[in-house]
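I opened a fresh page for this structure and jotted down what I looked up, one topic at a time.

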Amino acid sequence: MSAHARRRQRTIALAWLAVTMAAGACTTGQIGVPADGVGAGGAAGVGGSMGGLATGKTATVDQIGGTCASTRMAPPLLRRLGMREFSNTVRAAFTPLSDAGADWNPMITVADDTLSSLRLGGDAAVLLVGSQTAKEILASAESIAGYVTAPDHLPTMLPCAASAPGEACAATFITDTGTRLFRRQLTSDEKARYLDNFRVISARSNFATGLRWTLVAMLQSPSTLYRSEIGTRRGDGYELAPSEIASQLSYDFGGGPPSSELLARADSGGLADPAARVEEARRLLLGPGGHVIMQQFFQQWSHYPRVIAETRTVDRFDQIRVAMTEETQRFVDEIVINRRGGIKELLTAPVTVLNPALAQFYGYGAGAGDWAVVDRPTNAAVGLLAQGSILAGNAHIDSSSPTLRGLLVFERLLCNPRSPPPPNVPRIEIPSPGVKTTRQRYEETHAKGGSCPVCHTLFDPIGFASEQFDEVGRFRSNEAGLPINATGSALGADGTTRITFDGLADLAQKLAGLAQVSNCIGGFIETMVFGGGGGNVCLASEQRQQLVQGKTGLLDFTAALAASPNFVRRAAP
């Protein structure tokens, strides 16, 4: 990172520190905490529009699903680390303790559960630092620093602490630890300020205490807490520094900080080639951290874990709902990672992954062994939309829900925005088995008169395709003796063309052939990788076209985003 960029980053953080301290958000009373002018919450609020950085907004669902003629550039960003990223950064910084067999147990509670309006995590516009997060950061920093500098641990991290404790030893700790936490070399000014901080505190206490509170300050520095994607001004935009590019790769595709080897590779120009970045991104995605990232995306995009919180009147559902989420996780692993499948495979794969309990519950599949990939019966539909977690997670306690199931497709696969419901929404008639089907009850309420048809005619007909599956995701040939009508339709991207289908398998096949669906899913993945892009879209149009045309799988498409110009350059705000 250039000196100009570092000065700008520090200036923004200090400005926000003044604001939060004035509001009483970060008064700690602890000796020596703000060594670099950044105390508890020192990076508070960064991610808004100060200092020429990206505005705090997120693109709408219809914007991310739009067709792009060319790739655009996002503005410079500061992206706060989420809890998992922060935890992985800390663990990597103190690897010698883990290697030595230390029982790692510091409290790390930096929250990152805030989702954007797209219901995705990692968005720079919402990962801010308010009063509560500032307290969590301080508490985590104190716990980590206390653990690292404990008598049993400090000599492992810093051998000279046992043989020659003093300023030279402290300087070694500051340089080595700061480089790992900041993901770059410290400046001479930073080294001097942290060493001054150590001197003041150790003179009033002892060597270990001086290091402890110096480390508390380093852990709260914006250089630790934020991922810098600012760069240096070049022509009409900004060119990201090698360390920033390495950090993007490592966090976006591996969930943690860059290794020293990756930083060295970036410094030597080894990541200037787009193909080299894609190769590294793919390697990271196929590792443990990348696996977590891919699974987290599918969880947030499709909301399938919501089934865990659901209750049903069906026997054994409470015992089976957690297994349903594991079924979907394993299905994603099989299709997206093992088979390197694309949109078509995700939506139309005629398999799922079952254990004996689920096989018995659904009434098909192998009854022996733990988990196994099994073929679905012809009547059990195909792909992601036929997953029990999806069907049961979008239903009611005593009946299916064409509205909830239709909305999932309407919003998350077709990228259509949902209008807020009007006041005084009429209640759906209570199910009367053998009297009316679910479809009849919904059509009588949502498709006739009043304000309901304006919206519900857009997504209820999509949900009718899944009516052959009950409220817990099991196939049914009839509904309490009444015939089921599973035909439906969906409006195409042009606003006039409709696709028609009969049943969930037919719907999945039709959706898999729509460019609108590939554009939509690609837009969600693109937004996740680029941290919201400061509210900008179309950040990797060339790569998205490869997905739309069926030339790449979902994992390879995600890795290919590293080849986008946005990965190495940013637009002037």
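**Starting with a term.** I count a salt bridge when a side-chain nitrogen of Lys or Arg lies within 4 Å of a carboxyl oxygen of Asp or Glu. With that in hand, I found Arg79, Glu85, Arg227, Glu229, Asp252 and Arg570 linked in a network of salt bridges. My search of the whole structure turned up 28 salt bridges.

**How far to trust it.** I'm looking at a predicted model. Its mean pLDDT is 87, and 88% of the residues reach 70 or more. I marked residues 1-55 with a warning, as pLDDT stays under 50 there. The model still gives that stretch 127 contacts beyond four places in sequence. Where pLDDT is low, the predicted coordinates should not be read in detail, and I left those contacts alone.

**The overall tally.** I counted 26 helices and nine strands in the chain. Of its 573 residues, 56% are buried. I also looked at contacts between residues at least 6 apart in sequence, and 71% of them join residues at least 24 apart. For the surface, I noted that the chain exposes about 22,300 Å². Carbon and sulfur atoms supply 52% of that area.

**Ser247.** I went to helix α12 (residues 242-254), where Ser247 is found. Is Ser247 buried or exposed? I have it as buried, because its relative accessibility is 8% and the cut-off is under 20%. Which residues does Ser247 touch, leaving out those up to four places away in sequence and counting the rest? I listed Arg183, Arg227, Asp252 and Pro258. I recognised Arg227 and Asp252 from the salt-bridge network.

**A pair inside one helix.** Next I checked Asp189 and Arg193, whose side chains meet in a salt bridge at 3.1 Å, N to O. Why do I find about one helical turn between them? They sit four residues apart in helix α9 (residues 188-204), so about one turn separates them. In general, an α-helix has 3.6 residues a turn, so residues three or four places apart point the same way. Asp189 is partly exposed, at 39% relative accessibility.

**Two arginines side by side in my notes.** I took Arg339 to begin with, and Arg339 forms a salt bridge with Glu334, with the closest N and O atoms 2.9 Å apart. Arg339 is partly exposed at 44% relative accessible area, while Glu334 is buried at 16%.

Then I turned to Arg340, which forms a salt bridge with Asp556, again with 2.9 Å between the closest N and O atoms. Which parts of the chain does this pair link? I wrote down distant ones: Asp556 is in helix α26 (residues 554-560), and Arg340 is in the loop between α16 (317-338) and α17 (343-348). The two residues are 216 residues apart. I have Asp556 as buried, at 19% relative accessibility, and Arg340 as partly exposed, at 30%.

**One side of α23.** In helix α23 (residues 504-512) I listed the buried residues: Leu504, Leu507, Ala508, Leu511 and Ala512. They cover an arc of only 130° around the axis, so they lie on the same side of α23.

**α15 and what follows.** I did a length check on helix α15 (residues 288-302). At 1.5 Å a residue, its 15 residues should span 21 Å, and the end C-alpha atoms are 21 Å apart, so the two agree. Its buried residues include Ile293, Met294, Phe297, Phe298 and Trp301. Gly290, Gln295, Gln300 and Ser302 are also on that buried list.

What follows α15? I found His303, which has a positive phi, near 60°. I flagged the value as positive in a residue other than glycine. His303 lies in the loop between α15 and α16, and at 14% relative accessibility His303 is buried.

**Another positive phi.** I made a similar note for Ala480, whose phi is positive at about 55° although it is not a glycine. I placed Ala480 in the loop between α22 (452-463) and β7 (487-491). Ala480 is partly exposed, with a relative accessible area of 48%, whereas I had His303 down as buried.

Conventions: Residues are numbered from 1 along each chain as its sequence is written. This is a predicted model: local features need pLDDT of at least 70, side-chain atom pairs count only at pLDDT 80 or more; totals for chains, interfaces and linings use all residues. Side-chain values use heavy atoms; hydrogens and water are left out. pLDDT is the predictor's confidence in each residue, from 0 to 100. Contact means heavy atoms within 4.5 Å. Buried means under 20% relative accessible area, exposed over 50%, partly exposed in between (1.4 Å probe, protein chains only). The arc is that of the directions from the helix axis to the C-beta atoms. Accessible areas come from the Shrake-Rupley method with a 1.4 Å probe; for residues, only the protein chains shown count as cover. The expected span of a helix is 1.5 Å times one less than its number of residues.
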